[in-house]
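Student: I have a protein model open and would like a close look at a single part of it. Please take me through that part slowly, then show me what surrounds it.

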Amino acid sequence: MYNPQRIEKKWQKIWGKTGLYKTADKIKRKKNFYCLDMFPYPSGEGLHVGHLHGYIGSDIVSRYFKMKGFNVLHPMGFDAFGLPAENAAIKRKIHPKTWTYKNIRLIRKQLRTIGATYDWEREIITCEPEYYKWTQWMFLQLFKKGLAERAKVACNFCPSCKTVLANEQVVDGKCERCGSEVIQKEIEQWLFKITDYAEDLLKDLEGIDWPERTKTMQRNWIGKSEGYEIKFEIRNSKFEIPVFTTRADTLFGATYLVVAPEHPIISNLKSQISNLKFVEEYIEQSKRKTERERLSEVKDKTGVEIKEVKAINPVNNREIPIFVADYVLFHYGTGAIMAVPCHDQRDFEFARKYNLPMVEVIKPILQEKKLPERAPLVVSDGRFERAYEGEGYLTNSGRFDGMNSEIARQEIGAGLEKKGLAKKRVHYKLRDWLISRQRYWGAPIPMISCQKCGWQPVPEKELPVLLPKIKDYLPVGEGKSPLAKSRKFVETTCPKCGGSAQRETDTMDTFVCSSWYYLRYADPKNDKKFAAKEKLRSWLPVDLYVGGAEHAVMHLLYARFFTKVLKDLRRISFKEPFLKLRHQGTILGPDGQKMSKSKGNVIPIDETIKKYGADTMRLYEMFMGPFEATTAWDTRGIEGCSRFLKKVWKLMSNVKCQMSLYRKRKFSRNLNVKNEKLERLFHQTIKKVTEDIENFRFNTAISALMILVNELVKQPALEIRSLKLVVKLLSPFAPHLTEELWQKIRGCRGLTSTSWRGLTLPEFKSIFQEKWPKYKKELTKEAVITFIIQVNGKVRDKIEVEAGISEEEAKKLTLEREKVKKWFGSKEIKKFIFVPGKLINIVISDNEFVSNKRIRLFVNS
């Protein structure tokens, strides 16, 4: 009987004792392959089946590459610092360290129960001093390079978590961790100048094998815009307002300017503003709004005209009003925009609300007398219905009338540049990364404040700055970390002058810890460097990275930034951390909803393994659908996978020779029974499974294995080599069952986990030390194929023929068939269409268009 629970525990012990997954830094004649999972937050009470999806996928690939002859590094660790773990601990009134390590032990145990190939000797935990010493060292390198600075900035502040959040951690105006509404606060913070690397982060996306959607998200987040910065002079003033635009061709349609509430022009021209009180009241109101609220497409646009202050449009010298409005952000572009209501929907809505003039300057080029989808329509009273934001030709633009808008854009911009009124500029939406957190559970920022010397870095020899274990670790919400309450931690001496000084009490964003962890796995025990250069050269960059798409503009962007900084510092030799990236899909509960304890739809790992075994669970998770797709858990599906593995187990009883004969090697000379159809199916399956594993098409690989096993079950008896091939192909998916069968085939049937005690890896030959099967290309092609026979595009017959049949032979066989003859009789055949490997179409009517159309539809389907 197949007893997965007994088999799986046995092999997990043997693999652990023999060190099967322990990774050597270099093995002669073996190429290194680095496969990495995004490490988990130990913030919740263990994992459920949905969390395992990516881990199982990476494990399959790691096992496959090991059998392909690669030296595989597949490590695991824990992203232990940060808000998720701290919030969960506070909720349960447990110290964050106690809570974190409790969950680490549980998750580690769960990952072992699925038989994952992790080299646990390389485990890293980001909250351990041996690790965050180097996180602090990284901070100091950025500080020395001028990429870490302290500044008073408007921040996203979560009143519930009582800490600052990066822009990427605010989702729809709410904290991504607790869901509370985020407010704006001005606080002195530490920032990393990721904007210095905006162009590199953008252009280097082209050279990596990542999902296109993820690359697009990063491109949009970086937000590169090329255009002109145009000067708008202020009437009767020495001041001017620079405006960045990508559409200089619409300049004749600019009927007003809008500045951000933070724009300095307001304070510079206070004495001229006749409605200053109303302007200042509006500015105060805008400070209470989050950036997300200010930019919301659904909210009503608001603003106040700055009266008695006018700007001059540089292309026609017309005076235009200036408004202050919160939908313009000071840190985007220049903090001011030229409003072109006819050609920008946001400006259009604002102008219609405040009854401002609209001038159409771009006419769409009409094709087939149809108006483009976003063209401005005119209603009966002569007012525009919406803005047209596309290209076209210019109108109401003086000497540029009739010119193509793309050409006019350059002509107008270049003309203003000659007059000193414009400059070519490139702007990015990306903002600097705010890394300060006013929380306890994080890596302390290694900086010291001295009244005499200012901010000074902690000397590298004094790292790590240890996070003290304090009783009162609750957030205070006053812009300071709980560490500020510990005099023992705060009071220190200045490393420059030796005088009294104070430590920085903010801790680092947890994303700083995860921005370099992939480097540490190469040399996790090194206490002299974050990793030795020769080991970094040996393993990095990561060959395959597997994790969630939700990290597209946070962790993945930050890790790329760190890599580029370290490359510039000559600490590493590569510029991208992850050569290939794949995202796993989400596994929903049986009710089609996201798994959640509150919804009661969580499928626990332990219960599933207890009932079905780890191999069945692994197989089902990969068989549910495409790896990257969202799918719902279905008990019927896992039952089917369980039956399949039982079927594989039973194949053993159908093998043609006894194990005693196998051990004596007597089977080989008289078991060479030929079955051409089965042989061909084997080679097709090897090809299919090989290609599907490499392309993360696990579900179709399993489907191919099921087809093969179903065919083997029909055989009256099996050769040993047939079973060996099946077991090898299935091994990455169901490692425990296949290891058991493999050892039975090798004659090791009676050994148990206890009898392997003291055995070393050279003495124990695992299936995962065997070579991956190879296929013969000529045997992967079908020997016989089915041709569809059509008459005038309608299916009339089918015929089985040899693969590679010529057109002449196919024509002869077709015309001899009685089923075909009756459809044309004595009529003249006008055309004989032959589509190799697919179909034959006999045309006997004049309606060739219909026939050809049907052929195209058939072939495409």
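Student: At what angle do α1 and helix α25 (residues 735-745) pack, and how far apart are their axes?

Tutor: One caution before we start: this is a predicted model. Now to the helices. α1 and α25 pack at an angle of about 80°. Their axes are 9 Å apart. Angles from 65 to 115 degrees count as roughly perpendicular, so α1 is roughly perpendicular to α25.

Look at the residues that touch. From α1 come I7, E8, K10, W11, Q12 and W15. From α25 come P735, H736, L737, E739, E740 and Q743. Sort them by character. The contact of α1 with α25 holds five nonpolar, three polar and four charged residues.

Stay with α1, which covers residues 4-18. Helix α18 (residues 605-612) packs against α1 too. The axes of α1 and α18 come within 7 Å and cross at roughly 115°. The pair α1 and α18 is therefore roughly perpendicular as well. On the α1 side, P4, Q5 and E8 make the contact. On the α18 side, the residues are I609, K610, K611 and Y612. This contact of α1 with α18 divides into three nonpolar, one polar and three charged residues. Find E8 on your screen. E8 belongs to the contact with α18, and E8 also belongs to the contact with α25.

Now step back from the helices. The protein has 28 helices and 33 strands. Of its 861 residues, 53% are buried. Take the contacts with a separation of 6 or more: residues 24 or more positions apart account for 73% of them.

Next, the sheets. One open sheet has four strands in the order β6-β5-β9-β19, with antiparallel pairing. Its edge strands are β6 (163-165) and β19 (433-434), and each pairs on one side only. Zoom in on β5, residues 148-158. Three bridges join β5 to β6, and the two run antiparallel. One pairing to find: F157 has V164 in β6 as its bridge partner.

A second open sheet also has four strands, in the order β22-β21-β24-β23. Here too the pairing is antiparallel. The edges are β22 (454-457) and β23 (491-493), each paired on one side only. Neighbouring strands of this sheet are turned by 40° against each other on average, direction ignored. Inside the sheet, two bridges join β21 (residues 447-450) to β24 (residues 500-503). These two strands run antiparallel. I448 stands opposite R503 in β24.

Now some details of the backbone. Most residues other than glycine have a negative phi, and most peptide bonds are trans. Here are four places to check against that.

Start with the peptide bonds. L463 and P464 are joined by a cis peptide bond, with omega about 5°. P464 lies in the loop between β22 and α13 (487-490). So you can trace the chain to this loop from β22, an edge strand of the second sheet. L540 and P541 are also joined by a cis peptide bond, with omega about 0°. P541 sits in the loop between α16 (533-539) and β26 (544-547).

Then the phi angles. N236 has a phi near 55°, a positive value in a residue other than glycine. N236 is in the loop between β10 (224-234) and β11 (240-245). Its relative accessibility is 71%, so N236 counts as exposed. R570 has a phi near 65°, again positive in a residue other than glycine. R570 is in the loop between α17 (555-568) and β27 (581-583). At 69% relative accessibility, R570 counts as exposed too.

Last, check the confidence. The protein averages a pLDDT of 87, and 90% of the residues score at least 70. Two stretches deserve a separate look. Over residues 657-673 the pLDDT stays under 50, and the model has 26 contacts there beyond four places in sequence. Over residues 748-761 the pLDDT is also below 50. That stretch has 25 contacts in the model beyond near neighbours in sequence.

Now return to where you began. Put α1 in the centre of your view. Find α25, at about 80° to α1, and then α18, at roughly 115° to α1.

Terms used. Residues numbered from 1 in each chain as written. Predicted model: local features only at pLDDT ≥ 70, side-chain atom pairs only at ≥ 80, totals over all residues. Heavy atoms only, no water. Pairing = 2+ DSSP bridges. Axes fitted to C-alpha atoms, helices over the stretch in contact; angles between N-to-C directions. Parallel < 35°, antiparallel > 145°, perpendicular 65-115°, else oblique. Contact = heavy atoms within 4.5 Å. Nonpolar A, V, L, I, M, F, W, Y, C, P; charged D, E, K, R; others polar. pLDDT = per-residue confidence, 0-100. Buried < 20%, exposed > 50% of the residue type's maximum accessible area, 1.4 Å probe, protein only.
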